[in-house]
Amino acid sequence: MLVLSKPAIEQYSDIRNCMPSTLCSGIPLIDLSKPDSGHLIVKACEEFGFFKVINHGVPMEFITNLEAKAVRFFSLPLSEKEKAGPPAPLGYGNKRIGLNGDSGWVEYLLFTTNPDSSSQSFLSVFGENQEKFRSALNDYVSAVRKMGCEILEQMADGLKLQPRNVFSKLLMDKQSDSFFRLNHYPPCPELQALTDTNMIGFGEHTDPQIISVLRSNNTSGLQISLRDGSWISVPPDQNSFFINVGDSLQVMTNGRFQSVRHRVLANSMKSRVSMIYFGGPPLSEKIAPLPSLMKGERSLYKEFTWFEYKKSAFNSSLADNRLVNFERIIAS
Ligand code: OGA
Ligand code: NI
């Protein structure tokens with residue numbers, strides 16, 4: 001069984017001691033039913049680039065329905081699942097992540113969230129259940145996008161930005177380049193024999209988009225990196241969502257928020273199933289620090305379009321910092 005190493009547990013209680021009011025097991029906690037959470041969201045994004053959301057308003061039925069369909073898909077024989085792959089970039093993938101040699105103890109399905117995209121022909125692998133799957137996916141993604149937008153609007157309030165849809169409009173845009181991913185981490189029984197050994201499910205990385213909205217079943221594995229480079233485990237909670245700051249939001253806030261490094265460790269006993277909505281801008285959107293957040297500071301980044309970022313990221317490995325190509329060298 002995977003257990004936290006002692007130093008990680010110690011770090012945990014350190015964090016709890018530092019900030020008792022907003023933390024739940026070391027992770028900032030946002031109650032979305034409270035309309036004035038903006039300043040707490042901003043604080044969480046500044047300190048962690050990550051937080052947990054409760055009272056999120058996403059119907060439980062949408063979550064359990066899509067999870068059940070995902071579990072059914074991942075329990076099919078490999079030869080069946082492979083009919084939906086390889087992910088180029090959408091569809092079924094197994095162990096290989098991206099095009100540049102990364103791999104992990106994971107299998108996944110990758111979708112765009114654009115409902116009229118014709119590139120999802122791999123969904124025919126669901127046979128006569130295809131329409132039911134699409135509808136479960138749509139229900140879930142629409143509800144999670146709505147919640148993500150509520151978070152981004154409260155965040156804008158917390159940053160005193162106007163209009164308050166300055167971030168959320170990018171996710172709501174018909175051309176929004178957003179993705180959705182179902183990940184399955186099968187149990188890794190070999191791990192049991194090897195104490196003190198971690199097996200990577202999904203290697204460390206930051207998410208490229210604006211925010212990612214993650215929900216998983218009750219199996220642990222997700223870890224986030226703190227500003228000092230240490231890792232803490234995120235206790236799973238199937239009734240809540242977890243939000244990651246992505247690279248684009250880091251740029252739009254001129255580095256005030258930092259995209260969070262995270263990874264998943266495999267579990268020897270239980271399957272982990274996670275579903276992640278990656279809310280991104282349209283491909284033509286210019287990404288740059290918002291002038292109203294600069295307050296006389298210099299921009300840390302050169303302006304780029306989301307398309308240019310993706311083109312530049314194409315040859316990168318999972319763990320790379322994909323913003324380096326866009327950082328300004330500031331002469332001192
Ligand atoms: C991702 C990711 C975490 C998980 O897909 O980008 O970080 O729990 N996944 O699957
Ligand atoms: Ni991620």
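Okay, let's start with a contact that's easy to spot: the charged end of R263 sits over the ring of W231, 4.0 Å from its centre. By "over a ring" I mean that NZ of Lys or CZ of Arg is within 6 Å of the ring centre and within 35 degrees of the ring normal. R181 does this too, lying over the face of Y108 at 4.1 Å from the ring centre.

Quick housekeeping. This is a predicted model, where local features need pLDDT of at least 70 and side-chain atom pairs count only at pLDDT 80 or more, while totals for chains, interfaces and linings use all residues. Residues are numbered from 1 along each chain as its sequence is written, chains are lettered from A and ligands numbered from 1 in the order in which they are written, and side-chain values use heavy atoms, with hydrogens and water left out.

Now, the ligand. Which residues come nearest to ligand 1? Out of 13 around it, they're N183, Y185, H262, R272 and S274; "around" here means having a heavy atom within 4 Å. Some make polar contacts, meaning a pair of N or O atoms within 3.5 Å; within protein, one must be able to donate a hydrogen and the other to accept it, and residues adjacent in sequence count only if both atoms are side-chain atoms. A polar side-chain atom of S274 is 2.5 Å from an oxygen of ligand 1. For N183, a side-chain N or O atom is 2.9 Å from a ligand oxygen, and for H262 the distance is 2.9 Å as well. On its own, ligand 1 exposes 290 Å², and the protein buries 98% of that, going by Shrake-Rupley areas with a 1.4 Å probe.

Who builds the shell around ligand 1? Elements giving two or more residues are β6 (179-185), β7 (200-205), β12 (262-265) and β13 (272-279). The top contributor is β13, with four residues. Strands here are DSSP runs of E, at least two residues, and helices are runs of H or I, at least four, numbered from the N terminus.

Last stop, the backbone. Most residues other than glycine have a negative phi, and most peptide bonds are trans. So look at G85 to P86: that bond is cis, omega near -10°, and P86 is in the loop between α4 (78-81) and β4 (91-97). Q162 and P163 are also joined by a cis bond, omega about -5°, with P163 in the loop between α5 (130-158) and α6 (168-172). And N55, not a glycine, has a positive phi of about 50°.
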